[in-house]
Amino acid sequence: MQEEKQFVMKCCICGREKTDRGWEYRFRADEQNILCSHGFCAPCYETEIMKIRLQTTLATVPLYR
Ligand SMILES: [Zn+2]
């Protein structure tokens, strides 16, 4: 039996999956049958961008060097 692996995009921060309806938490019993690609969901992406911006800003303040 040939098994077709399903391709799933998962957020590497919160673990939500990208679905037709957006990012959702899902429990999978067939975890070994999927191909995972890790990325950021919209909220986590925003958070990461803010963290990077904050770090960049703090790096320019002598106190935090
Ligand atoms: Zn996320």
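This section describes the fold, the exposure and selected residues of a predicted protein model.

The mean pLDDT of the protein is 88, with 94% of its residues reaching 70 or more. Among the elements, confidence is lowest in strand S4, residues 34-39, where the mean pLDDT is 89, and highest in helix H1, residues 42-59, where the mean is 94.

The protein contains four strands and one helix, and these elements follow one another from the N terminus in the order β-β-β-β-α. The C-alpha trace spans about 65 × 20 × 15 Å along its principal axes. In keeping with these dimensions, the radius of gyration is 17 Å, whereas a compact globule of 65 residues would have a value near 11 Å. Burial is correspondingly scarce, in that buried residues make up 2% of the 65 residues in the protein. Contacts between residues separated by 6 or more positions nevertheless include many that span the chain, since 64% of them join residues 24 or more positions apart.

One pairing that joins separate parts of the chain is that of strands S1 and S4, which run in the parallel sense and are connected over six bridges. Within this arrangement, Met9 stands opposite Ser37 in S4. None of the six residues of S4 is buried, and the strand therefore lies largely in the open.

Helix H1 has 18 residues and reaches 26 Å from its first C-alpha to its last, a distance close to the 26 Å expected at 1.5 Å a residue. Because the number of buried residues among the 18 of H1 is zero, the helix, too, lies largely in the open. Leu54, which is found in helix H1, illustrates this setting: with 10 C-beta neighbours inside 10 Å, a count within the limit of 12 or fewer that applies to exposed residues, Leu54 counts as exposed. The C-alpha atom of Leu54 is separated by 25 Å from that of Arg16, and the two residues lie 38 residues apart along the chain.

Two loop residues were examined in further detail. Cys14 is placed in the loop between strand S1, residues 6-11, and strand S2, residues 17-19. This cysteine has 13 other C-beta atoms within 10 Å and is therefore partly exposed, the count falling between the limit of 12 or fewer for exposed residues and that of 20 or more for buried ones. When residues up to four places away in sequence are left aside, Cys14 touches Cys41 and Cys44. Cys14 and Glu24 lie ten residues apart in sequence, and their C-alpha atoms are 9.9 Å apart in space.

The other loop residue, Glu31, occupies the loop between strand S3, residues 22-24, and S4. Glu31 has 9 C-beta neighbours inside 10 Å and so counts as exposed. Along the chain, Glu31 and Gln6 are 25 residues apart, while the separation between their C-alpha atoms is 9.8 Å.

Definitions and conventions:
Residues are numbered from 1 along each chain as its sequence is written. This is a predicted model: local features need pLDDT of at least 70, side-chain atom pairs count only at pLDDT 80 or more; totals for chains, interfaces and linings use all residues. pLDDT is the predictor's confidence in each residue, from 0 to 100. Helices (H or I, at least four residues) and strands (E, at least two) are DSSP runs, numbered from the N terminus. The expected span of a helix is 1.5 Å times one less than its number of residues. The radius of gyration is taken over C-alpha atoms; the globule rule is 2.2 Å times the number of residues to the power 0.38. Two residues are in contact if their C-beta atoms, placed from the backbone, lie within 7 Å. Two strands pair if DSSP finds at least two bridges between them.
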